[in-house]
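Hello,

Here is the structure I promised to pass on. My notes on its salt bridges and on one pair of packed helices follow below.

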Amino acid sequence: MAATPENPAPTTPRRKPGRHRGEGQWAVGHFTPLNGNEQFKKDDDGLNVRTRIETIYSKRGFDSIDPNDLRGRMRWWGLYTQRRQGIDGGKTAILEPEELDDEYFMLRVRVDGGRLTTEQLRVIGEISQEFARGTADLTDRQNIQYHWIRIEDVPEIWNRLEAVGLSTTEACGDTPRVILGSPVAGIAADEIIDGTPAIDEIQRRFIGNPAFSNLPRKFKSAVSGSPQLDVAHEINDIAFVGVEHPEHGPGFDLWVGGGLSTNPKLGVRLGAWVPLDEVPDVFEGVISIFRDYGYRRLRTRARLKFLVADWGPEKFRQVLQDEYLKRELLDGPAPEQPKEVWRDHLGVHRQNDGRFYVGFAPRVGRVDGATLSKIAELAETHGSGRLRTTAEQKLIVLDVAEDRVDSLVAGLEALGLKVNASPFRRGTMACTGIEFCKLAIVETKARGASLIDELERRIPEFDEPITININGCPNSCARIQVADIGLKGQLVLDSEGNQVEGFQVHLGGALGLEAGFGRKVRGLKVTSAELPDYVERVLTRFQAERTEGERFAAWTARASEEALS
């Protein structure tokens with residue numbers, strides 16, 4: 001008798017479904033929303049919330065905002081509720097969202113390719129002072145973030161930003177986020193290829209496009225033709241890295257599937273060479289694979305990196321070619337090892353036209369509106385009106401004549417912005433932290449700034465490249481796993497048994513062609529108060545034990561746990 005639902009065949013083993021089944025992949029017919037996030041995206045496109053913000057919420061105030069808009073769709077326009085003041089890190093994972101929410105917002109301004117004019121920077125500074133209590137942080141994705149934004153002020157802020165060509169469209173949400181670009185694109189003397197036209201076309205075709213406004217999760221991208229590998233290509237969902245093809249000339253090597261957070265994965269090469277004019281089409285193919293095949297069942301597995309890990313680069317490339325591009329991609333070479341250790345473009349450098357660019361460092365990306373306005377004035381006086389943000393929380397003034405360089409450097413230094421910075425000022429990065437972030441457990445920005453000052457005072461002779469990345473929670477917005485010293489915020493016990501703010505330590509991470517994740521030493525955690533002592537101790541041991549030319553990451557790989565503690 002044939003088996004039926006009423007009379008199953010008891011002796012027939014049932015094969016366990018593979019991982020590709022039941023993951024909410026649209027391409028295999030799974031359109032039913034499998035979680036609340038997928039449901040609210042199906043109910044209404046996040047792009048549509050702008051009309052409600054302009055016509056309802058900004059007029060009726062915070063209490064009028066629908067919860068699915070407040071904690072969901074408003075991200076499509078760069079808006080997150082910020083953390084209510086006075087809530088300690090021990091309550092981060094305990095309180096309900098409405099208990100953590102303040103009635104103010106973080107607002108993220110897209111700066112695609114890191115490109116700014118002095119007019120734009122001046123407007124950013126004015127908005128900061130008028131609407132954001134002076135806040136305006138530089139991020140490690142080349143954006144600028146405000147805090148203390150009232151919903152009532154958002155339409156006016158948009159009007160002012162858009163009047164100078166800036167936008168917050170899809171700065172957050174399950175969307176194509178800001179496109180990273182080399183901050184010295186088009187001007188660097190050693191540039192392989194200028195990716196700016198591709199960034200412009202990607203932005204024109206895909207940002208704010210409803211065809212790509214409902215992705216499984218965020219989609220991070222980067223395009224750089226710099227041989228310095230200056231956009232952290234290994235940790236983006238898609239990256240185009242400048243290379244010289246032996247037959248076809250300059251173009252891009254294609255990488256996919258990078259990302260950090262709590263399940264870090266480095267991007268992989270597809271072995272494909274992409275000419276400049278085909279970059280937007282290949283971008284469309286990869287983001288379409290993510291939209292159609294990406295996992296939508298669990299938010300924790302909804303990034304492209306999980307699909308790439310399950311498929312492997314060969315299958316991913318084949319699907320890209322067969323189903324989306326409808327043609328074969330050319331094989332191509334891998335990028336070469338960067339010649340420079342530092343890739344943040346800090347200092348004074350000659351451009352390809354004989355003028356100079358000047359890169360400078362605030363502390364851990366923390367600036368303010370008044371300072372940004374003064375930077376705009378300096379850049380206008382000494383340059384051509386062009387600036388760039390970097391993927392390292394830095395700023396660059398472009399097109400400075402040789403006889404104006406010293407004056408510009410002096411003006412920046414007078415603002416506390418270091419052109420000739422110590423390794424600690426240059427290499428320390430921090431996320432937003434508990435000051436504003438609802439996910440954070442510990443303070444980061446002030447901790448990072450004070451750590452820089454302490455290390456400069458204690459070991460002023462230290463002159464080796466070093467990265468110290470400080471994160472307020474496990475999500476790695478500050479890239480803790482790929483730093484020389486990565487610090488993951490958590491609550492720890494001090495010597496008297498009290499629960500206090502502290503960090504789990506990761507050592508020896510790196511980006512570049514020798515990219516890898518940091519080493520966690522068993523039981524190694526430090527309190528925030530002990531942090532300067534610990535970093536001084538480990539760096540002093542490195543100086544004493546290193547071999548000629550040995551980098552910190554290499555030393556940590558061979559050092560004993562005792563030396564790293």
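K41 is buried, because its relative accessibility is 6% and the cut-off for buried is under 20%. E38 also falls under that cut-off, with a relative accessibility of 6%. Please keep in mind that this is a predicted model.

These two residues form a salt bridge, in which the closest N and O atoms lie 2.8 Å apart. Both sit in helix α1 (residues 36-43), three residues apart, so about one helical turn separates K41 from E38.

Across the model, the count of salt bridges is 46. Two others are described here because they link distant parts of the chain.

The first of these joins the side chains of E392 and R479, at 3.4 Å from N to O. E392 lies in the loop between β14 (386-389) and β15 (395-400), while R479 is in the loop between β17 (468-471) and β18 (485-493), and 87 residues separate the two. How exposed is E392? Its relative accessible area is 23%, so E392 is partly exposed. R479, on the other hand, has a relative accessibility of 6% and is buried.

The second is between R546 and E464, with the closest N and O atoms 3.3 Å apart. Here the partners are 82 residues apart: R546 is in the loop between α15 (531-545) and α16 (552-558), and E464 is in the loop between α14 (445-458) and β17. R546 is partly exposed, at 23% relative accessibility.

Some salt bridges share partners, and in this way E38, K41, D174, R296 and R299 are joined into one network. The buried pair described at the start, K41 and E38, thus belongs to that network.

Now the helices. Two packed helices are described by the angle between their axes and the distance between the axes. For helix α7 (residues 196-206) and helix α8 (residues 279-293), the axes come within 9 Å and cross at roughly 45 degrees. That angle is why α7 and α8 count as oblique to each other. Their crossing is right-handed.

Which residues make the contact? On the α7 side they are A198, E201, I202, R205 and F206, and on the α8 side V279, P280, D281, F283 and E284. Sorted by class, the contact between α7 and α8 has six nonpolar and four charged residues, with no polar ones.

Regards

Conventions:
Residues numbered from 1 in each chain as written. Predicted model: local features only at pLDDT ≥ 70, side-chain atom pairs only at ≥ 80, totals over all residues. Heavy atoms only, no water. Salt bridge = Lys/Arg side-chain N within 4 Å of Asp/Glu carboxyl O. Helix = DSSP H or I, 4+ residues; strand = E, 2+ residues; numbered from the N terminus. Buried < 20%, exposed > 50% of the residue type's maximum accessible area, 1.4 Å probe, protein only. Axes fitted to C-alpha atoms, helices over the stretch in contact; angles between N-to-C directions. Parallel < 35°, antiparallel > 145°, perpendicular 65-115°, else oblique. Left-handed = near helix turned anticlockwise from the far one by under 90°. Contact = heavy atoms within 4.5 Å. Nonpolar A, V, L, I, M, F, W, Y, C, P; charged D, E, K, R; others polar.
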